[in-house]
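Visitor: Please take a close look at a single salt bridge in this model, and then set it in its wider setting. I should value one connected account rather than a list.

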Amino acid sequence: MDDLPVTKLSWAAFENLDLIEKAACMCDGGREYHVLYAQQFGRERLDHLGRLATAIRRLAKTKDGMYALRNMLPHKRAMLYFAQPSSRTFLSFDAACQILGMPVAEVRDTSVSSEFKGESKEDTVRTFSSYFDLIVMRTQLEGLAERMAWVLSNSERPVPIVNAGSGKDQHPTQALLDVYTLQRSFEDQGGIDGKVIMFVGDLARGRTVRSLAWLLTNYDGVRQVFVAPPELQIGADVQALLDARGVEFRLAEDFDVSLREADAVYMTRIQDEWDSVTGESRRINTGRFHFQPRHLDILKSRAVIMHPFPRRQEIDPVVDSDPRAVYWRQMRNGMWIRAALIADLFGCDAQITSDEQHRGE
Ligand code: CP
């Protein structure tokens, strides 16, 4: 781990880098170490993780395959440190670790850890690193995961940190499962290249959209359409990143019109937990951005409807039975891609791929 560039920088110097420079600091001799930003993932790695997730998914279908997977990481332990509510991310990381035979512990409520007694986040995470080999963390504090990655990288137990959602900022592993879902959905339609991806809802505060919008810049000719009320439109910082990457995108309010050209519709919930004044979001008319059964007649026959979940009223449950609604499969894909990510971090990716090929012969 001596080569990890982040170890050569003071916190002040690291903190002041731009996102692309920070992402480059997380790579140790060609292999990513911490997973903090969507900007750490290029096309090659996305393809690799997708293939690995599929190999794991196939192996897990049989008892022998499952035994082989459980033998991959029984010597490593993971801490799931979730200081913000979660169902899918927490459970899918837990399940992913189980698939790879990795014992797991959890802290989900800081009022039952020594943080309640005033212990700092730095000391809390260093304590976890004393007992575990991987820390998966969700926090409502923007920038905390990268701060902890810097702290651990400069300690004697520099275990990797995976960002499982940080503030309104980034949710890179959600974006990975979204891309894996798109890879699978468009497998027989020429892949993700050239597709129109429409994001709908609270794009200003939705960290999943921010991370996925970036990952999609790795694909050729993808057009992104951001459909939201003006108050909840995608941030200027994301627009600047897309501009810098030469990505074609547009902002819109016309749900029905935009829907006609979409190959994937990515619905999101109103993130009112971030309201600065209680009830602020309720003053915005969001009903016109809901996916209703009548929209199924407008949607392309081979398009897909996605949602990171949890959902409220954004998608009528009647839509669930339409084959284009892939959000339940998308959720399950989270387990496979997170298992692939962990396997890749600990270097057992080649073994898994070889096992899967061997069994398929
Ligand atoms: N999509 C997602 O992050 O869900 P959870 O908040 O339930 O983990």
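**A salt bridge between two loops**

Guide: Arg-157 and Asp-133 join their side chains in a salt bridge, with 3.6 Å from N to O. Arg-157 belongs to the loop between α7 (144-153) and β6, and Asp-133 to the loop between α6 (121-131) and β5, so the pair ties together parts that are 24 residues apart in sequence. The model is a predicted one. In the structure as a whole, a search finds 21 salt bridges. Side chains of opposite charge can pair when their charged atoms come close.

The wider setting is a protein assigned two domains: domain 1 covers 5-170 + 334-351, and domain 2 covers 172-332. Their C-alpha centres are 25 Å apart. To the contact, domain 1 contributes 36 residues and domain 2 contributes 27 residues. The size of an interface is often given as the accessible area lost when the parts come together. Here about 2800 Å² is buried between domain 1 and domain 2, with carbon and sulfur atoms giving 58% of that area. On the side of domain 1, the residues that lose the most area to domain 2 are Arg-43, Arg-88 and Lys-168, which together account for 25% of what that side buries.

Arg-43 also has a charged partner. Between domain 1 and domain 2 the count is one salt bridge. Arg-43 forms a salt bridge with Asp-193, and their closest N and O atoms are 3.1 Å apart. Polar contacts between the two domains amount to 16 residue pairs, both members being at pLDDT 80 or more.

Several elements build the side of domain 1 that touches domain 2: α2 (19-24), α3 (43-59), α5 (88-99), β5 (134-139), β6 (161-166) and α12 (327-345) each supply at least two of its residues. The largest share, eight residues, is that of α3. By type, this side of domain 1 divides into 15 nonpolar, 13 polar and eight charged residues. The strands β5 and β6, which flank the loops described at the outset, are thus met again among these elements.

Arg-88 leads on to the ligand. The residues around the ligand are Arg-88 itself, with Ser-86, Ser-87, Thr-89, Arg-138, His-171, Gln-174, Pro-308 and Phe-309. Ser-87 places a backbone N or O atom 2.8 Å from an oxygen atom of the ligand. The side chain of Arg-138 has an N or O atom 2.9 Å from an oxygen atom of the ligand. Gln-174 has a polar side-chain atom 3.0 Å from a nitrogen atom of the ligand.

Phe-309, also one of the residues around the ligand, deserves a closer look at its backbone. Phe-309 is in the loop between β11 and α12, and its phi is near 60°, a positive value in a residue other than glycine. The peptide bond that follows, from Phe-309 to Pro-310, is cis, with omega near 5°. Pro-310 is likewise placed in the loop between β11 (304-306) and α12.

Technical notes
Residues numbered from 1 in each chain as written. Predicted model: local features only at pLDDT ≥ 70, side-chain atom pairs only at ≥ 80, totals over all residues. Heavy atoms only, no water. Domains from an automatic or database assignment. Contact = heavy atoms within 4.5 Å. Buried area = accessible area lost by both parts, 1.4 Å probe. Salt bridge = Lys/Arg side-chain N within 4 Å of Asp/Glu carboxyl O. Polar contact = N/O pair within 3.5 Å; in protein donor to acceptor, adjacent residues only side chain to side chain. Helix = DSSP H or I, 4+ residues; strand = E, 2+ residues; numbered from the N terminus. Nonpolar A, V, L, I, M, F, W, Y, C, P; charged D, E, K, R; others polar. Near = heavy atom within 4 Å.
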